[in-house]
Amino acid sequence: MTPSQQIYWHTTTHMPGEENTSTPLPEKVDVAVIGGGYTGLSAARTLAKRGVNVAVLEAETIGWGASSRNGGMTLTGLKLGLQTVIKRYGRDNARRLFQCSIESVDTVEQIVKDENIDCGFARYGHLLTASKPAHYEGFKGEVDFMAKEFNHAVRLISQKDLKSEIGSDAYHGALVDEVSGGLNPAQYVTGLAHAAEKAGATLHARARVNSLERRGKRFFIQTERGPIQAESILVGTSGYTGNATKKLQKKVIPIGSFIIATERLSDELAYQLSPKNRMIFDSMHYLNYFRLWDNRMIFGGRAAFFPENKNTIARSAEIWRREMVEVYPQLKDANVEYVWGGTLDFAFDMMTHVGEADGIYYSLGYAGHGVAMATYLGKTVADAMMNGNIKEHPFAQFDFPGAPLGLYNGYPWFLPFAGAWHKILDWVE
Ligand SMILES: Cc1cc2nc3c(=O)[nH]c(=O)nc-3n(C[C@H](O)[C@H](O)[C@H](O)COP(=O)(O)OP(=O)(O)OC[C@H]3O[C@@H](n4cnc5c(N)ncnc54)[C@H](O)[C@@H]3O)c2cc1C
């Protein structure tokens, strides 16, 4: 059976749609938010709650981007390893950044509770599995390192005890972090959109921002649905950042990530595969990530570095099926019913960046770690916009680098080389 290229999560909720295209754009607002994902909606909710007149301008439909396509893993930590973060930015900065990641999961939990969002959020914990014996050896130091440097508990699982965590013989051990959570991303972004609207924000689908110009203290924004003026702008366009914000586009590398969802499995099989319903990912550069939802195995990774299109999605279905069966031979006869892709945003230093340049605020570079972080940064950047202290934000303490030698104009010509490089690293490390 050929899997459907529909996004499975979209079948589980009524995503916001064309209803957001019927209201005219306001002539003027205090803040225009570009992008209707977690960053934009969380910011809009916070701003509207503070009495700010805010409009969300979304090129497609609300929640259309990575925010309704992801794995739903609501994770502690940063994409970049914390040892590297300490080396680059110092111990104090690293501690503040890690603390933000803890608060980001708390923020999601609080919003889900306050806004009564039915998205299955729970603290399932995450499991980082060791793909090679050397990776497991490396995990051994992590327990002490995390306790000593970050006052954070992670637990080592030896290979012989793995069955209590995962029904697979593919790994050499694992690390468990009980603080992480999981949710249904499409249900969550839909709930966040309703919450932003309830707070007083206006949401506008099919309102792609084509250009913006600053005249004096105002921005004059041209969208597909006509003009709008704003005092400030917040950009939350992640991997879909385009020409309208060219300077930011040159700092963000769009990378495709792809997911398959199996048919609904029996209770017994689902339990055997993941008895604690963990959010699972492995220790490779070209990593696999997977989890259960409603007894379906949701299995993803970076099969093709290029962003999603019909071909990369179809190829991913075959690649991920093969990878999934390598991890779980029990799934060799399971039908793959859905396959889809989405685009992640990587900064050249693999860090998330917030800040303000020429009156334009931004929060970008989540590197596949944005469910909790985009929610949190949307909220805290919105607060900083109001308080005038964005420069003090922990994620604004380091430069947002462009490409080395400026060799990037927004078209990621180097991705095949980066993909090959990651494959080499996986082979040797
Ligand atoms: C397949 C996949 C799996 C992932 N899995 C996980 C996971 O398990 N855990 C995790 O933490 N993170 C994961 N991520 C990352 C996470 O989904 C993102 O970091 C997060 O959703 C980013 O939210 P955002 O609001 O910044 O951007 P998005 O949700 O991508 O929204 C950006 C929006 O901006 C709009 N836009 C772009 N240009 C314009 C314009 N000119 N005018 C108006 N609108 C514009 C786009 O249409 C888009 O809807 C995954 C991502 C993908 C793609």
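## Polar contacts of the ligand

An oxygen atom of the ligand lies 3.2 Å from an N or O atom in the side chain of Asn-70, a distance that, like every value in this report, comes from a predicted model. Two further approaches involve the protein backbone: a nitrogen atom of the ligand is 3.0 Å from a backbone N or O atom of Ala-59, and a nitrogen atom of the ligand is 2.9 Å from a polar backbone atom of Val-209.

The surroundings of the ligand comprise 36 residues, of which Thr-39, Glu-58, Ser-67, Met-73 and Val-371 come nearest.

## Thr-39 beside the ligand

Thr-39, one of the residues that come nearest to the ligand, belongs to helix α1, which covers residues 38-49. Its relative accessibility is 5%, and because buried means under 20%, Thr-39 counts as buried.

The side chain of Thr-39 makes a polar contact of 2.9 Å with the side chain of Tyr-366. Leaving aside residues up to four places away in sequence, Thr-39 touches Gly-236, Ser-363, Tyr-366, Ala-374 and Gly-378, so that Tyr-366 appears both in this list and as the partner in the polar contact.

## Helices α3 and α4

Two packed helices are described by the angle between their axes and the distance between the axes. For helix α3 (residues 91-114) and helix α4 (residues 133-150), the axes come within 10 Å and cross at roughly 100°. Because angles of 65 to 115 degrees count as roughly perpendicular, α3 is described as roughly perpendicular to α4.

In this contact, Arg-91, Ala-94, Arg-95 and Phe-98 of α3 meet Met-146, Lys-148, Glu-149 and Phe-150 of α4. Sorted by class, the contact of α3 with α4 holds four nonpolar and four charged residues, with no polar ones.

## Two further buried residues

Ser-274 sits in the loop between α7 (267-273) and β13 (279-282), and with a relative accessible area of 4% this residue is buried. When residues up to four places away in sequence are not counted, Ser-274 touches Glu-165, Ile-280 and Leu-292.

Trp-293 is located in strand β14, which spans residues 288-293, and at 15% relative accessibility Trp-293 also counts as buried. The contacts of Trp-293, again without residues up to four places away in sequence, are with Tyr-8, Trp-9, Cys-119, Gly-120, Leu-183, Asn-184, Gln-187 and Ile-298. Between the C-alpha atoms of Trp-293 and Ala-270, which are 23 residues apart along the chain, the separation is 9.5 Å.

Technical notes:
Residues are numbered from 1 along each chain as its sequence is written. This is a predicted model: local features need pLDDT of at least 70, side-chain atom pairs count only at pLDDT 80 or more; totals for chains, interfaces and linings use all residues. Side-chain values use heavy atoms; hydrogens and water are left out. Axes are lines fitted to C-alpha atoms, for helices over the stretch in contact, and angles run from 0 to 180 degrees between N-to-C directions. Helices (H or I, at least four residues) and strands (E, at least two) are DSSP runs, numbered from the N terminus. Angles under 35 degrees count as roughly parallel, over 145 as roughly antiparallel, 65 to 115 as roughly perpendicular and the rest as oblique. Contact means heavy atoms within 4.5 Å. Ala, Val, Leu, Ile, Met, Phe, Trp, Tyr, Cys and Pro count as nonpolar, Asp, Glu, Lys and Arg as charged, and the others, Gly among them, as polar. Buried means under 20% relative accessible area, exposed over 50%, partly exposed in between (1.4 Å probe, protein chains only). A polar contact is a pair of N or O atoms within 3.5 Å; within protein, one must be able to donate a hydrogen and the other to accept it, and residues adjacent in sequence count only if both atoms are side-chain atoms. A residue is near a molecule or strand if one of its heavy atoms lies within 4 Å of it.
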